[in-house]
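Subject: Handing over a structure, with notes

Dear colleague,

Here is the structure that I am passing on to you, together with its sequence. Please open it first, and then read the notes that follow beside it.

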Amino acid sequence: MVEVDEELVLDFFELSERYMIDELKAACESYLGKNITLDNCFKLFEVAEQYDAPLLQNDILFFFKKNPKEISKRKEFEDHTKLIYLEMKKIQWKSEEIIF
């Protein structure tokens, strides 16, 4: 029996992008989105950006929004602050477009 863990899913995620296997990519995004932690959130944020994974990115941004104090204390936060802000603004703009 194969044990599924984050590293295995990240390997499959890379393969899904390389070989354009949309169903596998969606399954990987779903798994990773359900397993976001303080320890992996910045790494997953980079992965979501690298592989153009908007569903995973939205899950991570929601995680950031739910945990602002904990996130801002992480050493990785400084490196990602600008990009996180810009991505959250994009989500805000999209939701405003839907309203109007």
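Does Cys-28 count as buried or exposed, going by its relative accessibility? Cys-28 counts as buried because its relative accessibility is 4%, where buried stands for under 20% relative accessible area, exposed for over 50%, and partly exposed for what lies in between, with a 1.4 Å probe and protein chains only.

Before going further, please keep in mind that this is a predicted model, in which local features need pLDDT of at least 70 and side-chain atom pairs count only at pLDDT 80 or more, while totals for chains, interfaces and linings use all residues. Residues are numbered from 1 along each chain as its sequence is written, and side-chain values use heavy atoms, with hydrogens and water left out.

The cysteines

A disulfide is taken here as a pair of cysteine sulfur atoms within 2.5 Å, and by this rule the count comes to 0 disulfides. Why does Cys-28 form no such bond with Cys-41? The closest cysteine sulfur to that of Cys-28 is the one in Cys-41, and it is 19 Å away, which is too far for a bond. Cys-41 is buried too, because its relative accessible area is 0%.

The core

Cys-41 also belongs to the largest nonpolar core, which has 21 residues, and it is listed with Phe-13, Leu-32, Leu-56, Ile-60 and Phe-64 among those that have the most contacts inside it. A nonpolar core means a set of buried Ala, Val, Leu, Ile, Met, Phe, Trp, Tyr and Cys residues joined through side-chain atoms within 4.5 Å. At least two residues of this core come from each of helix 1 (6-18), helix 2 (22-33), helix 3 (41-50) and helix 4 (54-66), and helix 3 gives the most, with 6 residues. The helices are DSSP runs (H or I, at least four residues), numbered from the N terminus. In soluble globular proteins, nonpolar side chains tend to be buried together.

To see part of this core in detail, you could start from Leu-32, which touches Glu-6, Val-9, Leu-10, Phe-13, Leu-44 and Leu-56 when residues up to four places away in sequence are not counted; a contact here means heavy atoms within 4.5 Å. In helix 3, the buried residues are Cys-41, Phe-42, Leu-44, Phe-45, Val-47 and Ala-48.

The loops

After helix 3 comes Asp-52, whose phi is positive, near 50°, although Asp-52 is a residue other than glycine. Asp-52 has its place in the loop between helix 3 and helix 4, and it counts as exposed because its relative accessible area is 58%.

Met-20, which is not a glycine either, has a positive phi of about 55°. Met-20 lies in the loop between helix 1 and helix 2 and is exposed, with a relative accessible area of 70%. Ile-21 has its place in the loop between helix 1 and helix 2, and at 35% relative accessibility Ile-21 counts as partly exposed.

The salt bridges

A salt bridge is a side-chain nitrogen of Lys or Arg within 4 Å of a carboxyl oxygen of Asp or Glu, and by this rule the count comes to 5 salt bridges. Side chains of opposite charge can pair when their charged atoms come close.

One of these salt bridges joins Arg-18 and Glu-14, with the closest N and O atoms 2.9 Å apart. Because Arg-18 and Glu-14 are 4 residues apart in helix 1, about one helical turn separates them. Arg-18 is partly exposed at 49% relative accessibility, and Glu-14 is partly exposed with a relative accessible area of 32%.

Arg-74 forms a salt bridge with Asp-39, where the closest N and O atoms are 3.1 Å apart. This pair links distant parts of the chain, since Arg-74 is in the loop between helix 5 (68-72) and helix 6 (77-99), while Asp-39 is in the loop between helix 2 and helix 3, 35 residues apart. Arg-74 also forms a salt bridge with Glu-76, and there the closest N and O atoms are 3.9 Å apart. Asp-39, Arg-74 and Glu-76 are thus linked in a network of salt bridges. Within this network, Asp-39 counts as exposed at 62% relative accessibility, whereas Arg-74 is partly exposed at 25% and Glu-76 is partly exposed at 22%.

With best wishes
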